[in-house]
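Please open the model in your viewer and keep the selection tool at hand. The stops below go from one ligand site to the other and then into the protein interior.

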Amino acid sequence: MSKIELDPDFSSRFDASEESRPAAQLYLISPPTYDPGFPEILKAALDAGPVAAFQLRLKGASDMEIMRAGSVIKPILAAYDVALIVNDRPDMAKELEADGVHLGQEDGDVSEARALLGHAVQIGITCHDSRHLAMQAGEQGADYIAFGSFYDTATKETVHRPDPSILGWWSTISEIPCVAIGGITPENAAPLIDAGADFLAVSGAVWNHAENPAACIRAFADLLEDRAGR
Ligand SMILES: Cc1ncc(COP(=O)(O)OP(=O)(O)O)c(N)n1
Ligand SMILES: Cc1ncsc1CCOP(=O)(O)O
Ligand SMILES: [Mg+2]
């Protein structure tokens, strides 16, 4: 099963002092609404470059719409070995047999989600700009933690604006992968990668791209390759 995790040997060979963390990867967030033409757009995007995970985030959609969208995109993601993460809803993650669920601070209890989903399913937690929330999420058993919003974004109203150094801090104290989110584009992502982000979570830059989503995925792929190993 696909997972949003650093490679399977990561924990055993991670040594913060040796700066041996694997290269950052792309974590795609869905467009805010689901269009019947989306599967073809998604395939073209996934053809353009590597994507580690895809989050189904359809705020305002009905449960049935989310379940239908999840059922359609699940086999596509599986064919590209991309993890399916469901936003907000552990129950739907279970129903869809997704690879993970993303929970915000108001989205319910991590231990309840873990009890429902078990340990094979990844649980990601929003930690905004807070070291305290990140440590708490780690103690609660999060599989990844997310910091943001690093930049202005039209996708979500945000109040927190972390400094990229929080990514480096987290990387030195924890083996749990960290995700950077919020207004990230191929043009502004380099400082986040260099600071220690394991994943870049991106929506608007890809789906609102002036040419096409695939071109933006390609631009991220080039950037991530360029920054790898620095
Ligand atoms: C990877 C990732 N990070 C943060 C969020 C935001 O989650 P949340 O704070 O619950 O806000 P909504 O996305 O539910 O509006 C996320 N979804 N994914
Ligand atoms: C869901 C979320 N949480 C913090 S910022 C954000 C929006 C991410 O989308 P974009 O890449 O378009 O800024
Ligand atoms: Mg949420």
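A residue counts as near a molecule, or around it, if one of its heavy atoms lies within 4 Å of it. With that rule, select ligand 2 and show its surroundings, which are Arg-57, Ser-149, Thr-153, Thr-155, Lys-156, Thr-158, Ile-181, Gly-182, Gly-183, Val-202, Ser-203 and Gly-204. This is a predicted model, in which local features need pLDDT of at least 70 and side-chain atom pairs count only at pLDDT 80 or more, while totals for chains, interfaces and linings use all residues. Residues are numbered from 1 along each chain as its sequence is written, chains are lettered from A and ligands numbered from 1 in the order in which they are written, and side-chain values use heavy atoms, with hydrogens and water left out.

Stay at ligand 2 and look for N or O atoms paired within 3.5 Å, the cut-off for a polar contact. An oxygen atom of the ligand is 2.4 Å from a side-chain N or O atom of Thr-155, and an oxygen atom is 2.5 Å from one in the side chain of Thr-153. At Ser-203 the partner is a polar backbone atom, 2.9 Å from an oxygen atom of ligand 2. Taken alone, ligand 2 exposes 370 Å², of which the protein buries 90% (Shrake-Rupley method, 1.4 Å probe). Its shell consists of two nonpolar, eight polar and two charged residues, with Gly counted among the polar ones.

Next, select ligand 1, which has 14 residues around it, with Arg-57, Lys-59, Asp-88, Asp-107 and Lys-156 coming nearest. Oxygen atoms of ligand 1 lie 3.1 Å from a polar side-chain atom of Asn-87 and 2.9 Å from an N or O atom in the side chain of Thr-126, whereas a nitrogen atom of ligand 1 is 3.4 Å from a side-chain N or O atom of His-102. The protein covers 92% of the 420 Å² of accessible area that ligand 1 has on its own. The shell here divides into four nonpolar, five polar and five charged residues.

Finally, turn to the nonpolar cores, which are sets of buried (under 20% relative accessible area, 1.4 Å probe, protein chains only) Ala, Val, Leu, Ile, Met, Phe, Trp, Tyr and Cys residues joined through side-chain atoms within 4.5 Å. The largest has 65 residues, and those with the most contacts inside it are Leu-42, Phe-54, Ile-145, Phe-147, Leu-167, Leu-200 and Phe-220. A second, separate core of 11 residues includes Ala-52, Ala-53, Ala-83 and Tyr-144.

Methods. A polar contact is a pair of N or O atoms within 3.5 Å; within protein, one must be able to donate a hydrogen and the other to accept it, and residues adjacent in sequence count only if both atoms are side-chain atoms. Buried means under 20% relative accessible area, exposed over 50%, partly exposed in between (1.4 Å probe, protein chains only).
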